[in-house]
Amino acid sequence: MAVLRPTVFCSVPRLFNRIYAGITNAVDICEKGDAFIKEHTGNMYKNVKKKIEKGIAFPTCLSVNNTVCHFSPLASDETVLEEGDVLKIDMGCHVDGFIAAAAHTHVLQDGKVTGKAADVIAAANTAAEVALRLVRPGKKNKDVSEAVQKVAATYDCKIVEGVLSHQLKQFVIDGNKVVLSVSNPDTRVDDAEFEENEVYAIDIVTSTGD
């Protein structure tokens with residue numbers, strides 16, 4: 001299972017390598033991610049008269065293998081990562097309530113990733129690129145849902161059902177406008193059209209189905 005949220009943090013893979021090199025304890029990884037956000041947002045706008053709120057908008061989450069996303073372990077969690085684990089790192093920061101979120105999938109191994117792990121990551125990456133091109137004024141949320149499903153199918157993978165991508169507003173991480181990963185008779189959302197200057201965090205979650 002792979003997840004990719006194509007928004008910011010410049011280069012998420014490069015950031016991942018910078019923060020987490022050599023760390024295999026789940027709690028340590030999440031604490032390191034939160035500390036990184038606090039440190040770097042804390043250095044911004046230090047000399048302005050008006051106090052600007054900034055810091056963590058979404059706690060660092062580490063979801064391993066079949067765990068879909070948004071797993072933030074308790075401090076007592078003793079999970080240790082193992083060779084071959086597929087890791088989904090999810091994090092978010094804000095400055096004055098304006099939110100940036102990012103996610104990255106990483107396989108804990110040396111060398112080239114092959115087989116189903118490679119397929120599911122490629123499916124997520126390609127679907128994210130397609131979604132980015134469709135989140136623009138005049139397009140609709142259902143256009144994104146339909147397109148990413150088609151992309152996943154070309155890799156013999158599926159888009160995970162029940163995942164919502166939300167519009168971001170100042171101090172609001174889950175806005176009213178949403179993109180549903182997979183529409184079916186039991187799960188539907190209101191049709192919505194993207195408008196200029198709107199901001200979205202598009203969550204692409206794919207699975208091999210295993």
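From the N terminus on, the elements of the chain run β-α-α-β-β-β-α-α-β-β-β-β-β, which comprises four helices and nine strands. Helices (H or I, at least four residues) and strands (E, at least two) are DSSP runs, numbered from the N terminus. This is a predicted model, in which local features need pLDDT of at least 70 and side-chain atom pairs count only at pLDDT 80 or more, while totals for chains, interfaces and linings use all residues. Residues are numbered from 1 along each chain as its sequence is written, and side-chain values use heavy atoms, with hydrogens and water left out.

**Chain totals**

Of the 210 residues of the chain, 43% count as buried; buried means under 20% relative accessible area, exposed over 50%, and partly exposed in between (1.4 Å probe, protein chains only). The chain exposes about 11800 Å², of which carbon and sulfur atoms supply 49%. Accessible areas come from the Shrake-Rupley method with a 1.4 Å probe, and for residues only the protein chains shown count as cover. Among contacts between residues at least 6 apart in sequence, 65% join residues at least 24 apart, where contact means heavy atoms within 4.5 Å.

**Strand pairing**

Two strands pair if DSSP finds at least two bridges between them. Strand E3 (residues 86–95) and E4 pair in the antiparallel sense over 10 bridges, with Gly92 opposite Ala101 in E4. The hairpin of E3 and E4 has two residues between the strands, and Asp96 takes a positive phi near 55° there. Eight of the 10 residues of strand E4 (residues 98–107) are buried, so E4 is largely enclosed by the rest of the structure.

Three strands form an open antiparallel sheet in the order E7-E6-E8. Its edge strands are E7 and strand E8 (199–201), each of which pairs on one side only. The twist averages 20° from one strand to the next; axes are lines fitted to C-alpha atoms, for helices over the stretch in contact, and angles run from 0 to 180 degrees between N-to-C directions. E6 and E8 pair in the antiparallel sense over three bridges, and Gln167 has Tyr200 in E8 as its bridge partner.

**Positive phi in loops**

Two residues in loops, Tyr45 and Phe171, have positive phi although neither is a glycine.

| Residue | Phi | Loop | Relative accessible area |
|---|---|---|---|
| Tyr45 | about 50° | between helix H2 (26–42) and strand E2 (54–64) | 49%, partly exposed |
| Phe171 | near 65° | between strand E6 (164–168) and strand E7 (178–180) | 47%, partly exposed |

**Nonpolar cores**

A nonpolar core is a set of buried Ala, Val, Leu, Ile, Met, Phe, Trp, Tyr and Cys residues joined through side-chain atoms within 4.5 Å. The largest has 17 residues, and those with the most contacts inside it are Ala131, Val144, Val148, Ile159, Ile202 and Ile204. Helix H3 (115–134) and helix H4 (141–154) are the elements that give two or more residues to this core. Leaving aside neighbours within four places in sequence, Ala131 is in contact with Val144, Val148, Ile202 and Ile204. A second, separate core has eight residues, including Ile29, Leu87, Ile89 and Leu108. In soluble globular proteins, nonpolar side chains tend to be buried together.
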